[in-house]
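This report describes selected local features of one protein chain. The sequence and the coordinates come first, and the text follows.

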Amino acid sequence: SGAAQRLDVTACDREPIHIVGSVQPHGFLLGLDARSLAIVQASANAPAAAAVGTILDAALPDLAAVVRHHLAAAETQDGALYLRTVTLETGSGRQAYEVAAHRVDDLVVVELEEIDAAAADIGVDLLTPRLRAFVERLHTARTVEDLCRFVAEDIRQITGLDRALVYRFDRDWHGTVLAEAGNGVLPSYLDLRFPASDIPVQARELYRRNRLRIIPDAGYVPVPIRPATTPSGRPLDLSQSVLRSVSPVHVEYMRNMGTMASMSVSILVDGALWGLISCHNRAPKRVPLQARNACDVLTQIFALQLSARERGAQSERRLALGAVQARLLGFMAEEDSFVDGLLNHPDDVLALVDATGAAVVTADRCRLLGATPTEREIRGLYRWLSAREEAEEVFVSEALSEAFPAAAAFAGRASGLLAVSVSKKYASYILWFRPEVVRTVKWGGNPVKAVEPDPDGGPDRLHPRKSFEIWKETVKGRSLPWSDPEVEAAKDLRASVLGIVLRRAEELAAMSE
Ligand code: BLA
């Protein structure tokens, strides 16, 4: 039921994923006092030498040198930082590691991931040619779809994972797979939609601040960090950690999807989470830190291109609508009444917001253009609009019958409504309509069953859906959405009308003096 579903989803949203107290076992973590480099916390899989209470210089001198160098160079820097590789004598022999370190309050958190000695020297040599080729390729992209496909292909190549998806969030935080690159091992998810509850709100917020995460083996056993709290008595904040153990609900989700390894990179546009690059492998697989960082840089370059293109398209649209707006302003100024100025130029009125019908409605008159509901239906809509408490200057909806159920009767002609009020006193509106566009949405599994209760009736444990088989939904009663430039054009027209009406009133007053 709806209520049960809401309850479950809030429980998902409340899971404190940044203070889980454990790491994944493909590396180890040390919490160090930033001044003395005393080890104050360690994951249970840390080398025996790195015991809590010892000073890092005594325990692992080569690592201490790296950390001191980092602290001197990046004292004020926030967030996870890739440092370099280090080879340590761990008792069971020499082992090469990639090191990441970041500050959390008075601590330095240092994380080490084992790598092959042969891979220990990969540095800028790997990154630079790749980035150069990628940037060159981006220039050849003609559409946003091209951009998305290119980044998916490159990230799949760098990581060697079976499948890479470009996943975009919509206004309700549901998401759609826009592009995909794969080797055929995993099924295609191209064009599929996934519900917002698959990535709950605190995870999205964390992914905005920390752009990359990896789960090399969904069958892992978490390794506890000991002691459980920092010297200040709080659990260690793992927000910027690269080894953080992830939510058990999500690990179950991955197993249900048939994917034992995943990596995802946040796509940020203007500081907001636009989407993710989500990668999977059927079998467990690791991606070195160096390669993950390359993916992050690549993704941020992609995001800049994306935002430049989206802005370009929007300003082109604004320019085109501005020309229509200027013509309408001229027509309205020429006529005795602004209404005539509009009615005599129906094509421009409709083009201003890309509508198929429009109406100018006052208390006693209703004039129609193009494909509209009937006059009687518009009267009903008019009464509803003028009775609204929050009588705003602009009302925008792409699913009118959700706000005004009587609109279901004329959904075919007007599922989309853009209304501007041109006089509060005399309740007058310009209305624009868009027809219903029936769509079939293909979901990756039934979104109504996205969260399942515990089969044993346990109260705390929630489960993700088991099946990701395509689930088709027919969406009715919706038009194509009104874009920002279109809504702005309608607002601008409103301002022009108010200006003209005001000037006329002043002229009349002057004449009667
Ligand atoms: C995390 N969910 C995630 C992540 C992704 C998804 C990408 C980030 C972790 C990762 O990179 O693997 C979801 N993966 C997807 C989606 C696609 C994909 C949508 O490939 C589509 C192509 N998940 C549930 C339910 C809950 C839930 C019901 O299905 C909650 C009860 C929670 N998902 C959940 C949590 C995280 C998560 C808590 C955060 C994991 C973490 O970082 O600790």
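## Tyrosine 382 and its surroundings

Tyrosine 382 is placed in helix 11, which covers residues 375-387. The model is a predicted one. With a relative accessible area of 9%, tyrosine 382 falls under the 20% cut-off, and therefore counts as buried. Beyond its neighbours within four places in sequence, tyrosine 382 is in contact with Val361, Thr362 and Ala363, and also with Tyr426, Ala427 and Tyr429. Serine 423 is 41 residues away from tyrosine 382 in sequence, and the two C-alpha atoms are 13 Å apart in space.

## Nonpolar cores

The largest nonpolar core holds 34 residues. Ile155, Val166, Met263, Ile267, Ile277 and Phe302 have the most contacts inside this core. At least two of its residues come from each of helix 4 (124-139), helix 5, strand 7 (163-169), strand 8 (175-182), strand 10 (212-215), strand 12 (261-269), strand 13 (272-281) and helix 8 (289-334). Another core lies apart from it and has 29 residues, including Phe338, Val349, Ala358 and Leu418. In soluble globular proteins, nonpolar side chains tend to be buried together.

What does isoleucine 267 contact, leaving aside its neighbours within four places in sequence? The list includes Val166, the run Ala272, Leu273, Trp274, Gly275, Leu276 and Ile277, and then Thr299, Phe302, Ala303 and Leu306.

## Helix 5

Helix 5 spans residues 144-159, 16 in number, and reaches 23 Å from its first C-alpha to its last, close to the expected 22 Å. Its buried residues include Asp146, Leu147, Cys148, Phe150, Val151, Ala152, Asp154, Ile155, Ile158 and Thr159. An α-helix has 3.6 residues a turn, so residues three or four places apart point the same way. Glycine 160 follows helix 5 and has a positive phi, near 70°.

## Strand 11

Strand 11 comprises residues 223-226; Val223 and Ile225 form its covered face, while Pro224 and Arg226 form the uncovered one. In a regular strand the side chains alternate between the two faces of the sheet. The table lists two strands that pair with strand 11.

| Strand paired with strand 11 | Bridges and direction | A bridge pair |
|---|---|---|
| Strand 1 (residues 22-23) | 2 bridges, antiparallel | Serine 22 with proline 224 |
| Strand 3 (residues 39-43) | 2 bridges, antiparallel | Alanine 42 with arginine 226 |

Proline 224 and arginine 226, the bridge partners of serine 22 and alanine 42, both belong to the uncovered face of strand 11.

Terms used. Residues are numbered from 1 along each chain as its sequence is written. This is a predicted model: local features need pLDDT of at least 70, side-chain atom pairs count only at pLDDT 80 or more; totals for chains, interfaces and linings use all residues. Side-chain values use heavy atoms; hydrogens and water are left out. Helices (H or I, at least four residues) and strands (E, at least two) are DSSP runs, numbered from the N terminus. The expected span of a helix is 1.5 Å times one less than its number of residues. Buried means under 20% relative accessible area, exposed over 50%, partly exposed in between (1.4 Å probe, protein chains only). A nonpolar core is a set of buried Ala, Val, Leu, Ile, Met, Phe, Trp, Tyr and Cys residues joined through side-chain atoms within 4.5 Å. Contact means heavy atoms within 4.5 Å. Two strands pair if DSSP finds at least two bridges between them.
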